[in-house]
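Please open the model in your viewer and keep the selection tool at hand. We will go from stop to stop, and at each one you will be told what to select and what is there.

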Amino acid sequence: MDLEQLRKTAAEVVSREDVKYLIGWKKGTYGYRVAPVFVEDAAGAAELFFSPLCTANLTTYLTMAEKLPLPRGQEADKRKVALMVKGCDSRAVVQLLVEKGIHRDQVVVIGCPCPGMVDPALLAEKYKETEKPVDLKWDGDQFLLICDGEELAIPRDEVLAEKCRLCRYPNPVISDILLGDPVEKWEVAEDSGVAELDTLDINERWSYWQEQFSKCIRCYSCRNVCPLCYCQDCILDRLNPTWVNRAVNFSENTAFNISRAFHLAGRCIECGECERVCPANIPLGKLNRKMAQEVREKYGFEPGIDPDAEPFQASFKPDDPEDFIL
Amino acid sequence: MTEKPKVGVYVCHCGINISATVDVETVADFALKLPNVEVARTYSYMCSDPGQALIKNDIKEHGLNRVIVASCSPRMHEPTFRKAIQEAGINPYYLEMANIREHCSWVHEDREEATAKSKKLVAAAVAKVRLLEALESKEVDAEPAALVIGAGIAGIQAALDIADAGFKVYLVEKTPSVGGRMAQLDKTFPTLDCSACILTPKMVDCASHPNIELLSYSEVEEIGGFIGNFDVKVRKKARYVDFDKCTGCGDCAAACRVKDRFPSEFDMGMGKRSAIYLPFPQAVPAKYTIDPESCLFLTKGKCGKGPKCEEVCQAGAINFDQQDEIVEFKVGAVIVATGFDPFDASRKPEYGYSDYPNVITGMEMERLVSASGPTGGKVKVFNGEEEIEPKEVAFIKCVGSRDASVGNEYCSRVCCMYVAKQAHLLRDKLPDANIRVYYMDVRAFGKGFEEFYDRVRRENVRYIRGNPSEIFKRGKKLVVKVEDTLTATPLEDEVDLVVLGVGLEPRADMRQTMDLLRLSQSPDRFFLEAHPKLRPVDTATDGVFLAGCCQGPKDIPDTVAQAKGAASSAMIPLARGKVMISAQVATVDESTCRGCGFCVNICPYTAIELVTVNRFGHEVEVARVNEALCKGCGSCSAGCLSDSIQPKSFRDRQILPQIAALGVVR
Amino acid sequence: MSDSFEPNIVAFLCNWCSYAGADLAGTSRVHYPANIQVIRVMCSGRVNPLYVMNALQQGADGVLVSGCHPGDCHYMEGNFFARRRLGMLKDLMEYVGVDPRRFHMSWVSASEGHKWKEVVEKTVEDAREAGPFEGFRRRRIDW
């Protein structure tokens with residue numbers, strides 16, 4: 001993507017009367033950090049960029065915006081929000097449209113075809129951890145890391161984020177403006193994380209997840225970052241009825257994680273954010289991607305592709321599998 | 001909900017039905033220790049008068065406001081106990097039952113196990129009853145009018161019964177005349193009544209009845225609302241003939257420039273009509289209609305120097321400026337009597353229906369033998385070279401029925417009898433003809449049916465057991481290739497006329513009617529009744545009833561009986577003037593609802609819609625339930641991710657404590 | 001140990017078909033294990049799949065959901081929703097490592113008293129084989 005074109009387009013978009021602000025990425029405070037930015041003018045637009053470090057799914061901000069009570073006589077600000085999305089992020093936009101979390105005329109989608117994101121942890125582990133300003137660029141099937149005047153070529157497979165290895169939609173599935181040329185996808189890898197767990201027997205699998213869920217501290221980061229978790233009063237927080245106690249112990253934490261995974265079945269668009277932000281490194285991707293895989297294989301459905309689709313959990317097909325029913 | 005629950009628990013002995021296996025005293029003692037339980041008793045027969053009196057007394061003396069009855073299945077006595085506690089002054093929905101008979105004492109042997117289980121079931125019931133809400137059943141007024149869709153014999157009969165009872169009926173018929181399929185028949189089995197003779201008096205009645213508003217050549221476009229309060233929109237199609245002026249004299253049809261050029265629908269395409277037409281001589285209303293697809297003036301904008309019909313009409317009834325008219329009205333009940341379509345025999349190409357003019361269907365045979373039909377009742381067929389009176393006739397039964405290859409596995413119920421009848425009629429008209437019926441089975445189940453079938457066989461109509469595999473031409477004859485299975489003999493019978501006993505199929509426009517009223521189809525694609533045995537005229541939608549062949553193939557007596565049944569059921573809300581809406585409906589907590597619309601998608605009764613509300617200055621969409629349409633199934637709430645929509649009396653916060661009470665926390 | 005273990009089964013039955021079928025088993029005096037306790041709901045579509053998880057958490061060793069046969073639902077479509085939702089739940093539970101023998105779903109009509117008995121027996125046996133559910137069971141804390 002041409003960064004000049006990005007900044008020019010962004011400046012144009014935010015200068016529109018019907019646009020409130022544009023949400024994009026800018027360089028963070030140091031090293032590999034990238035921060036979200038809410039751009040309202042050309043000056044802000046100049047900070048925008050797009051690099052293999054822009055992993056964060058900005059769609060979550062669409063539903064995060066608090067609708068504060070308005071003083072009498074004041075009209076709600078109904079202007080649109082412009083949003084930069086990669087392929088995976090755009091699926092969240094579509095799924096929100098399906099669930100009426102947003103309306104099509106409330107958002108200007110700026111699509112960014114994505115050649116793949118880097119996992120900063122892998123980058124730090126295998127190559128370089130730094131607090132100095134860095135530039136990371138795509139270059140065919142490798143990344144170029146520019147730091148301190150040095151240019152380092154890194155083979156893509158070594159540092160590519162797990163979710164990108166499995167990515168089926170590098171190009172946005174919805175957009176009002178498309179920046180950059182469509183990306184040609186490399187062959188989709190098999191989800192070895194899920195496949196490996198599938199081969200274990202039931203007790204081994206439980207041991208695995210027991211260990212993982214023991215690490216949970218109920219920080220709710222996964223829920224906060226997820227673009228599709230936006231209920232104002234999550235049922236897992238409620239006291240009346242109490243689905244899951246607020247106590248932070250193994251039983252409740254496991255119930256929390258299983259419940260959330262279930263609520264995301266047929267809705268999760270596999271952006272991988274939950275796993276990325278979990279401070280306890282719980283492999284939530286393995287959980288949510290497994291459900292997404294089941295929905296694809298057994299029910300022939302993929303969320304976040306068709307904005308006119310019926311929500312998976314609110315519909316059924318006459319030939320839904322029923323081999324498990326006595 | 002600020003009132004403290006005071007629970008009374010009543011454990012029934014049920015004679016020895018429960019007490020022989022469950023230690024009811026122990027269960028009552030256990031119940032007394034549960035939170036909020038004030039009173040716990042046992043009694044031999046809780047449902048009896050003294051048993052109920054016990055409860056009512058305790059309510060008064062101890063100020064109880066919640067009641068548990070641990071006894072038989074709630075499917076048995078829930079209404080009994082609801083009534084009892086209501087009479088004692090507490091809301092009838094403050095009752096919960098624990099099934100310790102059908103689900104416990106009658107199915108378990110070990111006394112210890114059965115008693116332990118009963119205790120848990122009572123604990124679960126107490127956990128729930130403490131959280132139940134007071135509910136009120138609502139009553140709404142019912143419009144004292146009914147809509148009948150379809151004016152064949154079913155619709156006509158239903159309309160007449162309801163009108164005779166004193167209620168207004170809107171009878172809507174798609175075609176220009178009432179009468180339906182029965183009007184196309186010649187004679188009816190087994191009595192050999194002339195169909196038109198017994199039908200026309202009813203047709204005239206329904207058009208002239210003071211309580212019936214007949215909307216012929218009209219279609220129902222939209223039905224909204226619910227039982228007692230249906231909002232109906234009907235499109236009265238333009239006939240291009242002034243209804244009040246037309247005298248039915250027929251000069252227009254005789255003068256029409258395209259006279260007799262179009263196939264007559266009533267005569268199954270075997271006769272002809274003009275662009276302006278009366279479907280059949282006894283049509284009711286006897287008013288002419290211009291077919292907008294055949295008329296020169298309406299299709300091309302010009303008819304010679306001027307339309308002939310307009311020229312010759314002495315009453316000045318022709319009006320090419322006429323428009324469709326929309327009428328709207330309210331009714332309290334709807335009866336669907338839309339009838340059937342005969343099976344399209346061209347779907348069985350092996351029988352040559354599309355190839356040979358002397359292979360005809362049963363319906364076409366009706367028109368052939370009818371005195372008012374295209375041949376004046378003379379049985380003459382064209383064998384490809386000349387018109388002849390057939391000497392050899394073959395009837396083939398089960399065409400399009402009992403046949404998985406065309407998707408109709410069901411039996412059409414009437415074909416065995418109508419084929420026998422038509423064979424008899426042919427025997428009358430062709431005394432020397434050789435008439436055969438090829439059959440798989442003969443189903444003569446009704447009153448007078450077997451006797452009629454016997455009579456027909458004695459009239460020298462030969463019944464040959466075999467299902468023909470094909471029909472083909474040989475010279476001037478048609479060959480029916482079949483195996484006589486009773487003698488295991490392959491045959492190639494040469495005939496002049498083949499009559500295919502086609503079955504009854506659901507109408508091609510079923511989908512439109514279904515969409516109007518949220519009707520379902522049975523596996524055979526006819527409309528689905530509420531319960532196949534006990535509710536054959538009801539549908540899943542309250543206030544919507546079925547009559548006649550649209551619900552499944554049947555003959556005229558069964559159709560009339562069902563129409564009368566549907567009319568009787570439809571009159572219940574009309575006569576009462578009020579309708580009760582169940583109290584256990586779903587309700588939405590609008591403060592937590594996020595307007596995702598899952599529940600709207602899920603609800604099979606379209607009882608939920610998204611409405612816009614103002615939340616502190618912001619316009620947001622939330623779900624709202626139409627309580628009159630909601631049946632309280634709860635499918636919506638299981639799909640609600642934010643637990644905002646809940647069915648009253650079966651809320652999550654009422655069920656989760658039940659689960660907790662049945663668990664064993666270690 | 002497993003000889004004396006009696007599994008605790010919680011079942012959700014739809015009012016119109018399965019609950020009636022279980023009632024019929026009762027009137028027919030068909031005997032089955034007492035391990036099962038029924039919670040009545042109006043429709044199998046009412047069953048929030050998280051009830052299953054909640055039941056296990058609160059001390060059930062096995063859970064059963066039973067409804068009308070497809071096409072027969074009193075509320076037209078509820079059992080179709082139940083089928084999809086509970087199918088997904090079963091997959092999720094199994095993946096997380098909860099023994100699939102602990103959750104069953106069945107179609108039992110109002111006339112199938114004998115089938116109900118068979119369904120109960122299978123559910124109880126499977127749960128017995130799977131043993132007491134420990135997993136993420138809620139523990140009582142004795143302060």
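How many Å apart do the C-alpha centres of domain 1 of chain B and domain 4 of chain B lie? Before you look, keep in mind that this is a predicted model. To find out, select residues 7–135 of chain B, which the domain assignment gives as domain 1, and then residues 343–505, which it gives as domain 4. The C-alpha centres of these two domains lie 66 Å apart. You can colour the other domains of chain B as well: domain 2 is made of the pieces 145–234, 328–339 and 507–578, while domain 3 covers 251–312 and domain 5 covers 586–647.

Stay with chain B and turn to the place where it touches chain A, where 20 residues of chain B are in contact with 20 residues of chain A. On the chain B side, select helix 16 (598–602), strand 35 (618–625) and helix 18 (652–662), since each of these supplies at least two residues to the side that touches chain A. Sorted by class, this side of chain B has 6 nonpolar, 8 polar and 6 charged residues.

Next, cross into chain A and select strands 5, 6 and 7, which form an open antiparallel sheet in the order 5-6-7. Strand 5 (134–139) and strand 7 (150–155) of chain A each have a single partner strand, so one side of each is left without a neighbour in the sheet. Neighbouring strands in this sheet are turned by 25° against each other on average, direction ignored. Strand 6 (residues 142–147) of chain A pairs with strand 7 of chain A over 6 bridges, and if you select L145(A), you will find its bridge partner, L152(A), in strand 7.

Now move to chain C, of which 41 residues are in contact with 43 residues of chain B. Helix 1 of chain C gives the most to the side that touches chain B, with 7 residues, and this side divides into 20 nonpolar, 12 polar and 9 charged residues.

For the last stop, keep helix 1 (residues 18–27) of chain C selected and add helix 4 (residues 113–130) of chain C, which packs with helix 1 at an angle of about 100°, the axes being 7 Å apart. The two helices of chain C are therefore roughly perpendicular to each other. Show the side chains of G21(C), A22(C), L24(C) and A25(C) in helix 1, and of G113(C), K115(C), W116(C) and K117(C) in helix 4, as these residues make the contact.

Terms used
Residues are numbered from 1 along each chain as its sequence is written. Chains are lettered from A and ligands numbered from 1 in the order in which they are written. This is a predicted model: local features need pLDDT of at least 70, side-chain atom pairs count only at pLDDT 80 or more; totals for chains, interfaces and linings use all residues. Two strands pair if DSSP finds at least two bridges between them. Helices (H or I, at least four residues) and strands (E, at least two) are DSSP runs, numbered from the N terminus. Axes are lines fitted to C-alpha atoms, for helices over the stretch in contact, and angles run from 0 to 180 degrees between N-to-C directions. Angles under 35 degrees count as roughly parallel, over 145 as roughly antiparallel, 65 to 115 as roughly perpendicular and the rest as oblique. Two residues are in contact if their C-beta atoms, placed from the backbone, lie within 7 Å. Ala, Val, Leu, Ile, Met, Phe, Trp, Tyr, Cys and Pro count as nonpolar, Asp, Glu, Lys and Arg as charged, and the others, Gly among them, as polar. Domain bounds come from an automatic or database domain assignment.
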